[in-house]
Amino acid sequence: MNKPLVGAFLAALLLGAGAAPVVAAEPAQQAQEAAFKTGPEAKAVTFAGTVALSNCSGSVVRSPDSAPTDPALVLSNGHCLESGFPGPGEVVVDQPSSRTFTLLNASGDGVGTLKASKIAYGTMTDTDLSLYETTSTYQQIEDSYGIQALELETAHPTAGTAITVASGYWKRTYSCDIDGFVHQLKEGRWTWKDSVRYTPECQTIGGTSGSPVIDDATGKVVAVNNTGNESGQECTDNNPCEVDENGEVTVREGINYAQQTYNMVPCIGAGSKIDLDREGCGLPKP
């Protein structure tokens with residue numbers, strides 16, 4: 001994994017919801033929600049909406065159905081949780097958290113601090129992601145800082161797509177293409193499914209863990225950056241290996257990877273609540 005970077009944790013092993021009532025919206029509210037959902041035309045990828053954690057990177061994200069008054073969600077990696085790496089098969093849901101995130105503007109300048117109210121979801125099983133619910137709504141963030149959340153793509157990405165990995169920790173971007181997809185990506189005790197493989201240009205490093213992987217054409221988040229093979233070892237910590245449908249193992253030294261996010265979008269319900277029983281939700285359950 002792209003090692004988390006934080007003073008006390010530098011010795012760590014790896015790289016680094018209930019439904020709201022339906023009411024008729026007032027015309028002004030309807031216009032506001034329409035503008036929120038549509039947003040401006042996609043522009044060149046910037047740092048706007050990314051965040052820096054104490055040890056990793058992340059981003060403020062929303063589903064296409066999120067409302068301005070919903071609590072904002074911050075996306076990062078499961079291995080970036082302040083509680084440590086979840087074990088294989090472990091799923092963290094609705095755990096209190098007071099973690100803070102530095103919100104960045106388009107230029108990469110820190111413009112404010114967001115605070116978590118809880119870890120809404122976190123795991124390193126099948127995928128490597130965490131979602132924090134914050135104490136601010138999407139509208140409050142936009143009103144205070146002029147920054148909109150990054151929208152999550154709802155469809156499986158395609159090979160050859162031009163992407164940008166935007167690290168809020170390092171205030172650095174990495175540009176490359178999606179090279180393909182990995183049936184199983186194994187690293188140490190963990191196994192991830194249908195992982196994104198980058199072309200060699202994306203040489204992500206420790207601290208880029210949790211960075212949003214953004215489709216350059218749409219500006220939407222298609223994955224979350226999480227790992228890379230550092231020294232050519234096979235299936236060890238910091239050296240993930242690829243396993244195909246027939247069990248054949250391939251090692252690609254120097255190649256980096258991400259975990260797709262489209263399958264978590266159906267899990268996000270009204271009020272930003274994570275509901276693992278919602279139709280189409282592809283996240284592992286506890």
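**Exercise 1. Classify W170 by exposure, then describe its ring pair.**

Step 1. W170 has 40% relative accessibility. Buried means under 20% relative accessible area, exposed over 50%, and partly exposed in between (1.4 Å probe, protein chains only). W170 therefore counts as partly exposed.

Step 2. Y169 has a relative accessible area of 24% and is also partly exposed.

Step 3. A pair of aromatic rings is described by the distance of the centres and the angle of the planes. Rings of Phe, Tyr and Trp (its six-membered ring) pair if their centres lie within 6.5 Å; planes under 30 degrees apart count as stacked, over 60 as edge-to-face and the rest as tilted. The ring centres of Y169 and W170 are 5.1 Å apart, with planes at 75°, so this pair is edge-to-face.

A note on the source: this is a predicted model, where local features need pLDDT of at least 70, side-chain atom pairs count only at pLDDT 80 or more, and totals for chains, interfaces and linings use all residues. Residues are numbered from 1 along each chain as its sequence is written, and side-chain values use heavy atoms, with hydrogens and water left out.

**Exercise 2. Analyse the pair of F85 and W190.**

Step 1. The structure holds 3 aromatic pairs. In one of them, the rings of F85 and W190 have centres 6.0 Å apart and planes at 90°, so the geometry is edge-to-face.

Step 2. Place both residues. F85 sits in the loop between β3 (71-76) and β4 (91-96), and W190 in strand β11 (residues 190-198). The pair links distant parts of the chain, 105 residues apart. Strands (E, at least two residues) and helices (H or I, at least four) are DSSP runs, numbered from the N terminus.

Step 3. Check burial. W190 is at 1% relative accessibility, so W190 counts as buried. F85 is at 23%, so F85 counts as partly exposed.

**Exercise 3. Map the nonpolar cores.**

Step 1. A nonpolar core is a set of buried Ala, Val, Leu, Ile, Met, Phe, Trp, Tyr and Cys residues joined through side-chain atoms within 4.5 Å. The largest has 41 residues, and V60 and L75 have the most contacts inside it.

Step 2. Find the suppliers. Elements that each give at least two residues include β2 (57-62), β7 (129-137) and α2 (138-145). The largest share, 5 residues, comes from β6.

Step 3. List partners of V60, with contact meaning heavy atoms within 4.5 Å. Not counting residues up to four places away in sequence, V60 touches, among others, L73, L103, L114 and I141.

Step 4. Look for another core. A second, separate one of 12 residues includes I163, Y174, C202 and V222.

Key. Contact means heavy atoms within 4.5 Å.
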